[in-house]
Amino acid sequence: MRLMPRTLILIALLVPALLPLQACAEQPQASNPREAAVAATHPPGTAIASAHSLATDAGLEIIAAGGNAFDAAVAVSATLSVVEPISSGLGGGGFFLLHDARSGKDVFVDARETAPAAATPEAFLDADGNLDRDRSVNGPWSAGIPGLPAALVHVAQTYGRLPLKQSLAPAIRIAREGFPVYERMARGYAARRGVMERYPGTRAVFLADGDTVEEGELFRQPDLARTLERLADGGFDGFYRGETARLLLDGVRAEGGQWTAEELAGYRVREREPLRFDYDGWQIVTAPPPSSGGVALAQMLQVLAPWDLAALPQGERVHLTVEAMRRAYRDRTFYLGDPDFVEVPVGLLTDPAYAAGLRASINPDRATPSDTFSGRPTPLEDEETTHFSIIDAEGNRVGATQTVNLLFGSGLVAPGTGFLLNNEMDDFALKAGTPNAFGVMGFDANAPEPGKRMLSSMTPTFMSSPDRVAVLGTPGGSRIITMVLLGILGYADGLSAPQVAALPRFHHQWMPDAISIEKDAMTPEVVAELRAMGHTVNVPGEEVAGGRRSSDSWGNLQTVSWDRRSDTLEGGTDPRNPVGKVGIRPTP
Ligand code: DON
């Protein structure tokens with residue numbers, strides 16, 4: 001490949017550090033004329049893709065009862081909170097990207113957890129000044145103030161048509177009546193039980209029958225049903241004040257945490273302007289800070305834009321894409337954080353001219369070494385989180401990614417509440433330059449402060465062209481962004497929704513300086529070609545740094561799309577997760 005003179009190589013790795021950050025204002029957020037032009041055309045029904053069939057069915061039930069995509073989102077989100085305690089829940093947070101067809105407006109509902117005032121950086125250091133990893137991922141100190149319940153209330157009351165009580169009814173029913181434990185949940189429990197069984201509140205939920213969680217058994221959550229009912233009856237106050245708040249404060253304090261009633265009652269969702277940019281004839285609408293996803297996507301796609309990737313042999317395509325990933329994740333490390341607390345240079349980082357500088361630093365024949373910064377990232381840990389995508393018959397869209405962070409979050413259930421608290425505090429740079437559970441690190445921009453939101457990779461995304469509309473997203477920690485990137489490239493290449501969900505994956509996050517690939521994502525010849533270019537490639541089954549093995553597969557991508565030419569809806573649920581479901585309800 002000879003796409004660029006070698007003399008331009010490696011210059012731009014230093015460029016970002018030299019650019020004046022204050023020079024960059026927020027991106028202008030014009031409304032999309034293409035959207036307005038097609039606002040009169042409606043999809044032929046509703047499509048929902050989620051990681052669990054009961055959640056997809058709950059959404060369809062609410063649509064059948066006269067709800068819109070936003071009511072359905074409340075039902076799907078709450079039901080996922082019940083059936084995937086491994087991934088997300090009332091004790092966690094999330095991002096809801098919404099498109100309102102009537103106004104043509106997009107909005108990003110930020111329900112990310114916030115840092116409690118007591119959670120100073122010092123609180124997470126051990127006697128030697130090292131990051132106390134037990135504190136950062138297990139128990140009360142690892143938990144931020146939950147945001148998801150506030151999002152359910154906000155989305156229902158601001159955008160929905162049905163009462164919150166009605167949209168929460170399926171989740172309440174399933175919490176009370178139970179659902180069969182699936183293999184991934186039983187496996188996750190076995191992996192995390194050592195921590196979970198430390199806490200009496202958690203034991204009361206997961207060992208209620210005196211026995212461990214096993215595949216196929218009915219899992220009932222009566223406390224969670226009551227908590228959801230209080231939310232349904234009381235709205236915001238039904239969770240953040242009164243009985244639930246009291247149980248939460250008691251439970252956290254009993255385990256040595258220090259939440260206050262004011263912090264709970266003071267939690268607020270934020271409505272933010274989504275990030276918006278064009279790629280290859282598509283408009284992309286995606287997650288702004290405190291997600292790092294949208295900024296990274298804008299960088300990577302603008303770096304890649306001049307190349308006809310689909311026409312390149314796989315080795316070259318992967319090399320260029322990895323080089324774009326490497327550069328975007330480097331910037332994530334230094335610049336991204338909660339925009340309510342730090343000035344994030346969004347305008348600069350998403351400027352096409354900046355992308356051109358990054359592109360010029362790519363050597364088409366050689367990997368650019370990442371080690372311009374010292375640090376020893378840890379390997380990726382097991383990971384969870386969940387995403388769902390909806391397009392309704394009116395043209396409304398929802399892409400939502402919600403999480404308690406790692407498997408079963410902090411492992412702590414405050415007695416009587418029925419739900420696990422998140423361990424999202426680990427997404428902060430608790431100790432500057434020390435990698436978190438996903439091997440990503442950060443500095444001042446993502447240091448913990450009272451009330452601050454920790455940086456996220458969750459990237460719910462819309463794509464639209466004159467011909468097609470798509471909603472996509474996935475869990476996967478720091479790998480979320482590269483999965484969404486590959487999904488966007490897949491749609492841009494004309495793939496169907498199921499093909500996008502099934503796409504083989506590869507990932508690079510600057511540090512560690514290695515490409516991870518899924519099993520069978522590329523041939524041994526392509527791996528050899530990449531290694532010859534200087535890339536480290538972690539192949540499943542082979543040993544990687546630290547004596548660990550690279551995972552065979554990752555992600556749980558859920559996507560829906562509407563083809564305006566053929567007026568058809570389709571969905572793709574990730575084949576890596578056997579309990580996911582696409583549901584389509586044609587307009588009667
Ligand atoms: O917000 C984030 O970026 C992480 N807490 C998401 C965690 C996650 O996706 C775990 N993965 N599968």
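## Aromatic pairs

In this predicted model, the structure contains 16 aromatic pairs. A good one to look at is Tyr189 with Phe408: their ring centres are 6.2 Å apart and their planes stand at 90 degrees, so the pair is edge-to-face. Tyr189 belongs to helix 8 (residues 183-196), while Phe408 sits in the loop between strand 10 and strand 11, so this pair ties together parts that lie 219 residues apart in sequence. Both Tyr189 and Phe408 are buried.

If you follow these rings outward, you will meet an aromatic cluster. It is formed by Phe179, Tyr182, Tyr189, Phe206, Phe219 and Phe408.

## Charges over rings

Two arginines are worth a look for their place over aromatic rings. The charged end of Arg397 sits over the ring of Phe462, 5.7 Å from the ring centre. Arg479 lies over the face of Trp554, and here the distance to the ring centre is 3.9 Å.

## The annotated binding site

An unreviewed UniProt entry gives the feature "binding site" at Arg112, Thr403, Val404, Asn405, Asp427, Ser456, Ser457 and Gly477. These residues are spread over 366 residues of sequence, yet they cluster in space, with a largest C-alpha distance of 14.4 Å. Which of these residues belong to the lining of the largest cavity? That lining includes Arg112, Thr403, Asn405, Asp427, Ser456, Ser457 and Gly477.

## A closer look at Asp427

Asp427 is found in the loop that runs between strand 10 (397-403) and strand 11 (461-464). Is Asp427 buried or exposed? With a relative accessible area of 11%, Asp427 is buried, because buried means under 20%.

Setting aside residues up to four places away in sequence, Asp427 touches Arg112, Asn405, Asn436, Phe438, Asn446, Met454 and Leu455. Among these partners, Arg112 and Asn405 are also listed by UniProt under "binding site".

## A closer look at Gly477

Gly477 lies in another stretch of the chain, the loop between strand 12 (468-473) and helix 18 (480-492). The relative accessibility of Gly477 is 10%, so this glycine counts as buried too.

Which residues does Gly477 contact once its neighbours within four places in sequence are left aside? They are Phe438 and Ser457. Ser457 is another position in the UniProt "binding site" feature, and Phe438 is a residue that Asp427 touches as well.

How values were computed:
Residues numbered from 1 in each chain as written. Predicted model: local features only at pLDDT ≥ 70, side-chain atom pairs only at ≥ 80, totals over all residues. Heavy atoms only, no water. UniProt positions renumbered as here; feature names shortened; annotations may be inferred. 1 Å grid on protein atoms, 1.4 Å probe; cavity = no way out; pocket = protein on both sides within 12 Å on 5 of 7 lines; lining within 4 Å. Helix = DSSP H or I, 4+ residues; strand = E, 2+ residues; numbered from the N terminus. Buried < 20%, exposed > 50% of the residue type's maximum accessible area, 1.4 Å probe, protein only. Contact = heavy atoms within 4.5 Å. Phe/Tyr/Trp six-rings, centres within 6.5 Å; stacked < 30°, edge-to-face > 60°. Lys NZ or Arg CZ within 6 Å of the ring centre and 35° of its normal.
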